[in-house]
Amino acid sequence: MRGYSKLSSNNIYHEMIIDYSRNPLNFGEIEGCDVTHHDSNPLCGDSLDMDLKFEDGRVSDVKFRGKGCAICIACSSVLTEIVKGKSVEDVRSIQKGDILSELGLEHLQAVRIKCALLSLKILKFALYKHLAKTHTDGSAESLKEEASGLY
Ligand SMILES: [Zn+2]
């Protein structure tokens, strides 16, 4: 927490979202990344690309870029922070609630949920692409379904 302690919890989350959207974390691209994926929310105008690099079964680096509303960019920042350094299995088990609760967005309206979860959807598709290269037994398939079922 970066000095939000005097604010009420709703304000804390609001401040965090504004702060992350102005100064996004892990914004950019990774040269020589292992996998990249793009998706968008046409209704809001959010449009993101995410690059991932893996090393020894872990995400050694992750970056995203593109344009999006404050909620979209804030959630992408939070998600990429969570993902960095984690094992593929840990990344695979990330649920939407893990991201929404970080920014107090559990009760977001259906239309804004897409903004909050676009980066998670992209992450799951990217991980699917990566795993499908080596897991030829079809064990990566559930990731694709999970990504499509997020919203
Ligand atoms: Zn949006």
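**Exercise 1. Compare the backbone at D56 and N26.**

D56 lies in the loop between strand 2 and strand 3. This is a predicted model: local features need pLDDT of at least 70, side-chain atom pairs count only at pLDDT 80 or more, and totals for chains, interfaces and linings use all residues. Residues are numbered from 1 along each chain as its sequence is written. Helices (H or I, at least four residues) and strands (E, at least two) are DSSP runs, numbered from the N terminus.

Solution.
- Step 1. Take phi of D56: the value is near 50°, positive in a residue other than glycine.
- Step 2. Check burial. A residue is buried if 20 or more other C-beta atoms lie within 10 Å of its own, exposed if 12 or fewer, and partly exposed in between; C-beta atoms are placed from the backbone. D56 has 7 such atoms within 10 Å, so D56 is exposed.
- Step 3. Turn to N26, in the loop between helix 1 and strand 1. N26 is not a glycine either, yet has a positive phi of about 55°.
- Step 4. Count again: N26 has 20 other C-beta atoms within 10 Å, so N26 is buried.

**Exercise 2. Work out the strand order and pairing of the sheet.**

Solution.
- Step 1. Fix the criterion: two strands pair if DSSP finds at least two bridges between them.
- Step 2. Strand 1 (residues 35-41) runs antiparallel to strand 2, joined by seven bridges. Here N41 stands opposite D46.
- Step 3. Look at the link. Four residues separate the two strands of this hairpin, and G45 in the turn has a positive phi of about 100°.
- Step 4. Strand 2 also pairs with strand 3, antiparallel, over nine bridges. F54 faces V59 of strand 3 in this pairing.
- Step 5. Assemble: the three strands form an open sheet in the order 1-2-3. Strand 1 and strand 3 are the edges, each pairing on one side only.

**Exercise 3. Describe how helix 1 meets helix 2.**

Solution.
- Step 1. Set the geometry. Axes are lines fitted to C-alpha atoms, for helices over the stretch in contact, and angles run from 0 to 180 degrees between N-to-C directions.
- Step 2. Helix 1 (residues 9-22) packs against helix 2 (residues 70-83) at about 80°, with axes 8 Å apart. Helix 1 is therefore roughly perpendicular to helix 2 (under 35 degrees is roughly parallel, over 145 roughly antiparallel, 65 to 115 roughly perpendicular, the rest oblique).
- Step 3. List the contacts (C-beta atoms, placed from the backbone, within 7 Å). Helix 1 brings M16, I17, I18, Y20 and S21; helix 2 brings A70, I71, I73, A74, S77 and V78.
- Step 4. Zoom in on A74. Leaving out residues up to four places away in sequence, A74 touches M16, I17, Y20, S21 and L103.

**Exercise 4. Locate the largest nonpolar core.**

Solution.
- Step 1. Define it: a nonpolar core is a set of buried Ala, Val, Leu, Ile, Met, Phe, Trp, Tyr and Cys residues joined through C-beta atoms within 7 Å.
- Step 2. The largest such core has 34 residues, and M50, I71, A74, C75 and L123 have the most contacts inside it.
- Step 3. Name the contributors. Elements giving two or more residues are helix 1, strand 2 (46-55), strand 3 (58-67), helix 2, helix 5 (110-134) and helix 6 (141-148). Helix 5 gives the most, 11 residues.
- Step 4. Place helix 5: this helix lies across strand 1, strand 2 and strand 3, at about 150° to strand 1.

Technical notes
Two residues are in contact if their C-beta atoms, placed from the backbone, lie within 7 Å.
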